[in-house]
Amino acid sequence: MKLRAIELRSVHLPLLSPFRTSHGTESAREALVLRVESDDGEGWGECVAGSDPLYCPEYLEEAWLTLKRYLAPALLGAPGLTATDVQPLLHEFKGHRMAKAALEMAVLDAELRAAGVSFAAYLGGVADVVTPGIALGIMSSVDELQDRVSESLEAGYRRVKLKICPGWDLVPVAAVRDRFGENLMLQVDANSAYQRADIDHLACLDPFCLLLIEQPLEDDDLIGHAQLARRITTPVCLDESIVSVHSAATAISLGACSIVNIKAGRVGGYLEARAVHDFCTSQGVGVWCGGMLETGLGRAANLALASLPGFTLPGDISATDRYFHEDITPPFRLVDGTIAVPTGPGLGVEVLRPVLDALTTRFEALAGAEH
Ligand code: NPG
């Protein structure tokens, strides 16, 4: 295909409740939604970068500029473009994996819509439904957290992830384990909030039989994670540290993790995400699909990714009503504790254009030189 135009949109989606992590509180998701127009039809993508460089160095303003100045011009008008060409064509530009992932996602969507193939079928998905978990932010009290866990279980979630940070770790974890029992699938996520000096403290989580502890130390501290993994019985999972198959291979060979959270945006796209899945699975390392408060577009793609056979642990892909009053696609619903993987061509979801237009706060259309 040949891309004629790439449209960028900022979309403002208020969250139903603020989401607090070790690096701040979000009360709305500012999503960067991307639409490509090709001679084969349209495709949609989503850039998962946050408003500020708090989770990782990428952030939305910068992603917009990078897409406009470097990435979009490298693809616009390129003849015979397919999704597998996107990363090679963008390779000379360092980093910016989330921006690149959004473009690859939109090109892949256009390609698959035209071919009548779903994301899940293209990626090699094997499941019709996935079992999602729910991620609960840092709360103002243990009582509030217990109420939220209780509501989540009533809604049908079977795995709960608690955000932790120094000062909000052993007490809430103990309280949740105590109240909801040993059968609750429980895990924690620190978003790099601890140091190597905290290793003995983190070992105190071991008695709570957690599924995993996610990204306790700094992103670049693989040696520290390996030390921690040797010291504690809770499996160490990496998120922010894993940005490619190469970094997954390095982390695994150092013994820094036994589980990997795969986020397509963080590794530069769904094709690299599949490669990380394939590699980890070949090494006997468990994977699960992370979430970044995506709109229905990213959620559809994540459901497809999570339908691959190695995704044996529940992912952070909750139903739409856990996040937003209103989304830019029809909502994804939790039915008997599962969410259906879209089967239609491409992402398999339609964009609700009036909602998209109403929530759009910024728009720019980029066209190739000949247009
Ligand atoms: O359900 O989408 C979700 C949220 C899951 O906790 C979650 N995501 O650190 O993994 C994370 C965190 C996150 C959210 C990271 C937004 C960055 C942005």
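Reader: How many residues surround the ligand?
Author: In this predicted model, the closest residues to the ligand are Lys163, Asn191, Lys263, Leu293 and Tyr323. They belong to a surrounding set whose count is 15.

Reader: How do the residues of the shell around the ligand divide into nonpolar, polar and charged?
Author: Two residues of the shell are polar. The others divide into six nonpolar and seven charged.

Reader: Which residue has a side-chain N or O atom 2.9 Å from an oxygen atom of the ligand?
Author: For the side chain of Lys161, the distance from an N or O atom to a ligand oxygen is 3.5 Å. Met292 places a backbone N or O atom 3.4 Å from an oxygen of the ligand. The side-chain atom at 2.9 Å belongs to Lys163.

Reader: What share of the ligand's accessible area does the protein cover?
Author: On its own, the ligand has 430 Å² of accessible area. The space it takes is the largest pocket. The share covered by the protein is 98%.

Reader: Where does the ligand lie with respect to domain 1 and domain 2?
Author: The chain is divided into domain 1, residues 3-115 + 352-367, and domain 2, residues 121-340. Both domains give residues to the shell, so the ligand lies between domain 1 and domain 2.

Reader: How many residues of domain 2 are in contact with domain 1?
Author: The C-alpha centres of the two domains lie 23 Å apart. With contact taken as heavy atoms within 4.5 Å, domain 1 contributes 35 residues. The number from domain 2 is 43.

Conventions. Residues numbered from 1 in each chain as written. Predicted model: local features only at pLDDT ≥ 70, side-chain atom pairs only at ≥ 80, totals over all residues. Heavy atoms only, no water. Near = heavy atom within 4 Å. Polar contact = N/O pair within 3.5 Å; in protein donor to acceptor, adjacent residues only side chain to side chain. Areas by Shrake-Rupley, 256 points an atom, 1.4 Å probe, with all protein chains shown as cover. 1 Å grid on protein atoms, 1.4 Å probe; cavity = no way out; pocket = protein on both sides within 12 Å on 5 of 7 lines; lining within 4 Å. Sits in = over half its atoms within 2 Å of the grid points. Nonpolar A, V, L, I, M, F, W, Y, C, P; charged D, E, K, R; others polar. Domains from an automatic or database assignment.
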